[in-house]
Amino acid sequence: MLVRSLCLTPLLVFTLMQPAQDAKAKKDLDALQGVWTMQRLEINGKELGPTKIANTQLVLKGDEYRTRIKDKLQTGFKIKLDPTKEPAHIDMIVSEPGSPDKVYKGIYKLEKDTFTVCRGISPEHERPTQFATWPDTGTFVVTWKREPK
């Protein structure tokens, strides 16, 4: 009986935690909906200037994350959030017919009207642990500011 209880306890804990995790992720996803303007972009330890990022927006609708550069909508990602991690995790998923999904592993923070994402340039990169980049790391940090409605 004790062995049976020990086996079921982790399953019960996981089952009880899952709805709370899903509710937090839905809350963050709901808060991200809308149009955002790029404020800052740093790649491999170098910040791109304002002229390079001008007219770049993020459009978030449902779980679809797409950038718009000079009014041209780019191919996007499906996103999956896990705000229960520290820092919060974001998976950015690219699906192409006939190919396995590519998952870009990142971290994010949402502070009022500012949304920051840090991730590797390719799916092979490990998930970052902080919002910073260094030369030759293949990591970038992008900061978005919510567009007024």
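The following is an exchange between a colleague and a modeller about the structure above.

Colleague: What kind of model is this, and how are its residues numbered?
Modeller: Side-chain values use heavy atoms, with hydrogens and water left out, and residues are numbered from 1 along each chain as its sequence is written. This is a predicted model, in which local features need pLDDT of at least 70 and side-chain atom pairs count only at pLDDT 80 or more, while totals for chains, interfaces and linings use all residues.

Colleague: Which pattern of helices and strands does the chain follow?
Modeller: Helices (H or I, at least four residues) and strands (E, at least two) are taken as DSSP runs numbered from the N terminus. The chain has two helices and ten strands, and read along the sequence they give the pattern α-β-β-α-β-β-β-β-β-β-β-β.

Colleague: What share of the residues in the chain is buried?
Modeller: A residue is called buried under 20% relative accessible area, exposed over 50% and partly exposed in between, with a 1.4 Å probe and protein chains only. Of the 149 residues in the chain, the buried share is 32%.

Colleague: Which element gives the most to the lining of the largest pocket?
Modeller: A pocket, on a 1 Å grid over the protein atoms alone, is an open set of points where a 1.4 Å probe fits, with protein on both sides within 12 Å along at least five of seven lines, and lining residues have an atom within 4 Å of a point. The largest pocket has 21 lining residues, with Met38, Leu41, Thr67, Phe140 and Trp144 nearest its centre. Strand E1 (34–43), helix H2 (50–53), strand E4 (64–69) and strand E10 (139–146) each supply at least two lining residues. The element that gives the most, with four residues, is E4.

Colleague: Is Thr56 buried or exposed, and which residue offers a backbone oxygen to its side chain?
Modeller: Thr56 lies in strand E3 (residues 56–61) and, at 7% relative accessibility, counts as buried. Not counting residues up to four places away in sequence, Thr56 touches Trp36, Thr37, Met38, Arg68, Ile69 and Trp144, where contact means heavy atoms within 4.5 Å. A polar atom of the Thr56 side chain lies 3.0 Å from the backbone oxygen of Ile53.

Colleague: How many residues apart in sequence are the parts that the pair of Tyr65 and Phe77 ties together?
Modeller: Rings of Phe, Tyr and Trp (its six-membered ring) pair if their centres lie within 6.5 Å, with planes under 30 degrees apart counted as stacked, over 60 as edge-to-face and the rest as tilted. The structure holds four aromatic pairs, including the edge-to-face pair of Tyr65 and Phe77, at 6.1 Å centre to centre and 75 degrees between the planes. Because Tyr65 lies in strand E4 and Phe77 in strand E6 (residues 77–82), the parts tied together are apart in sequence by twelve residues.

Colleague: Why is the pair of Tyr108 and Phe115 given the class that it has, and what is that class?
Modeller: Tyr108 is buried at a relative accessible area of 2%, and Phe115 is buried at 0%. Ring pairs also link Trp36, Tyr108 and Phe115 into a cluster. Since the ring centres of Tyr108 and Phe115 are 6.2 Å apart and their planes stand at 65 degrees, the pair is edge-to-face.

Colleague: Which residue is in contact with Thr114 through a polar contact of 3.4 Å between side chains?
Modeller: Thr114 lies in strand E9 (residues 114–120), and its contacts beyond four places in sequence are with Trp36, Lys109, Thr143, Trp144 and Lys145. The side chain joined to that of Thr114 at 3.4 Å belongs to Lys145.

Notes. Polar contact = N/O pair within 3.5 Å; in protein donor to acceptor, adjacent residues only side chain to side chain.
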